[in-house]
Amino acid sequence: ARRGFAPAALDEYVNKIDAAYAAANGDAGKAALTWHLVDELKTRAEMNDWLVEQVGADENGDFRGIDFQDYLAAQKHLAVGAGKDKVAVIVASGVILDGEQRAGQVGGDTLAQLIRQARTDEHVKALVLRIDSEGGSAFAAEIIRQELLDFQDSGKPLVVSMGSIAASGGYWIAASADEVWATPGTITGSIGIFGAFPTLENTLSKFGVHTDGVGTTALAGAMRVDRPLDAVTARAIQSNIERGYRQFLDVVADGREMEVAKVDAIAQGRVWAGSDAAQIGLVDKLGGLNDAIKSAAEHAQLKQYETELIEAPLSAPEMLLQKLSGAQSYLHRGSLTSNSYLASNKVHAWFGGAAVWSPLQPLLGQLTQLRALQTLARFNDPKAMYVYCVGCARL
């Protein structure tokens, strides 16, 4: 009633969602727009502009609103080195996950906020993004990339410095940079995407647990982990995956100024060493972090500058654990050292973007003691789509 169409139309969309996705070329957002489930498709930047029209803008051009952690981050940042030109360094180390994440992982929202902080600081003239990640959530990687594009649109140069690994989602966020640096031994590339939706019906059946019931649509109960994935849902997910791969190719082709066909020829999940990646156009130059910082300063035409590490503020428990463990992150004579630690040993198991709690949580908590399953347990992409280099995973 609120969306203004007959219930039968919604019923048809739900039961034939694979056909709806196929007609939209695998674009779930476009399918929702065609079927009038949404009014418009907007990026976060466009959504921010719309909110500015509703509630006004702050001094940074964002809509008027702030939370406590953002306030602390802004206060900490503005208190350091005011009045001097800076090359900012932001570290993206770990698996890329959706939302806000603790140290040792790359949160899409967490990293986007740090990039936004660098963009709105008038003293930051260039940014070096240090990437050491085998990828993760495709959704989170795109959120980060969009924020990096906004940074570049502000007229400030963006240089990427690759660590030991910058593959799959790690390369997704690197591709659009003004310049990409890697070491000869960097593992990069892995341009590909896959979907993951684990189900446990076979495991549960060994314990005598079975599922039955009736539903009103073909999708009723389709995303339950205690049932096998049905054909309609599988086709819908596959359509999303194929569209995601095409998007990955477009991102690289646009960022690296290459033809899509040429990118596809070196993509398809292939992994490259940094020296080889430089020869095929995925990397611009070979060198370390200090080389990338110096290059970023040259792009910004800076002769005198400071190097500043921009990082998220620690929570009270994290600060206590840091004190106890002696972990620290600092810049020393232009060289960056970063020590990450786990602030919590809680198990957060995610499947298909939804948290799985009792009664399966105790079982999953035991399974994730195996290192090979720890990364899977952290995956939380809202569409269960991942740009993740499985072969690169440091398990």
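## Core packing, aromatic pairs and a buried glutamate

Beyond its neighbours within four places in sequence, Ile173 is in contact with Ala92, Ile96, Leu129, Ile131, Ala141, Ile144 and Leu148. This description refers to a predicted model. Ile173 is also listed, together with Ile90, Leu129, Met162 and Ile191, among the residues with the most contacts inside the largest nonpolar core, which has 50 residues. Helix α10 supplies the largest share of this core, seven residues. A second core, separate from that one, has 13 residues, including Val89, Val159, Ala297 and Leu302.

**The chain as a whole**

The chain has 395 residues, and buried residues make up 41% of them. Its secondary structure comprises 16 helices and 17 strands. When contacts between residues at least 6 apart in sequence are considered, 69% join residues at least 24 apart. The chain exposes about 20,400 Å², of which carbon and sulfur atoms supply 53%.

**Helix α10**

Helix α10 spans residues 231-256. Its 26 residues reach 37 Å from the first C-alpha to the last, which is close to the 38 Å expected at 1.5 Å a residue. At the start of α10, Asp230 places a side-chain oxygen within 3.0 Å of the backbone nitrogen of Val232. Following the helix is Glu257, with a positive phi near 55°.

**Aromatic pairs**

The count of aromatic pairs comes to two. Each pair of rings is characterised below by the distance of the centres and the angle of the planes.

| Pair | Centre to centre | Angle between planes | Class |
|---|---|---|---|
| Tyr13 and Trp35 | 5.5 Å | 50° | tilted |
| Trp172 and Phe248 | 4.7 Å | 45° | tilted |

Tyr13 and Trp35 link distant parts of the chain, 22 residues apart: Tyr13 belongs to helix α1 (residues 7-15), while Trp35 lies in the loop between α3 (28-34) and α4 (44-55). Tyr13 counts as buried because its relative accessible area is 9%, under the 20% limit. Trp35 has a relative accessible area of 25% and is therefore partly exposed.

Why is the pair of Trp172 and Phe248 classed as tilted? The planes of the two rings stand at 45°, and an angle that is neither under 30 degrees nor over 60 falls in the tilted class. This pair also links distant parts of the chain, with Trp172 in helix α8 (residues 169-172) and Phe248 in helix α10, 76 residues apart. Both Trp172 and Phe248 are buried.

**Glu179 and its surroundings**

Is Glu179, a residue of strand β7 (residues 179-182), buried or exposed? Its relative accessible area is 7%, so Glu179 is buried. The side chain of Glu179 makes a polar contact with the side chain of Trp181 at 2.6 Å. A further polar contact joins the side chain of Glu179 to that of Ser295, at 2.3 Å.

Which residues contact Glu179 when its neighbours within four places in sequence are left aside? They are Leu158, Val159, Val160, Asp284, Lys285, Ser295 and His299. Of these contacts of Glu179, Val159 is one of the residues included in the second, separate core of 13 residues.

Methods. Residues numbered from 1 in each chain as written. Predicted model: local features only at pLDDT ≥ 70, side-chain atom pairs only at ≥ 80, totals over all residues. Heavy atoms only, no water. Phe/Tyr/Trp six-rings, centres within 6.5 Å; stacked < 30°, edge-to-face > 60°. Helix = DSSP H or I, 4+ residues; strand = E, 2+ residues; numbered from the N terminus. Buried < 20%, exposed > 50% of the residue type's maximum accessible area, 1.4 Å probe, protein only. Expected span 1.5 Å × (residues − 1). Polar contact = N/O pair within 3.5 Å; in protein donor to acceptor, adjacent residues only side chain to side chain. Core = buried A, V, L, I, M, F, W, Y, C linked by side-chain atoms within 4.5 Å. Contact = heavy atoms within 4.5 Å. Areas by Shrake-Rupley, 256 points an atom, 1.4 Å probe, with all protein chains shown as cover.
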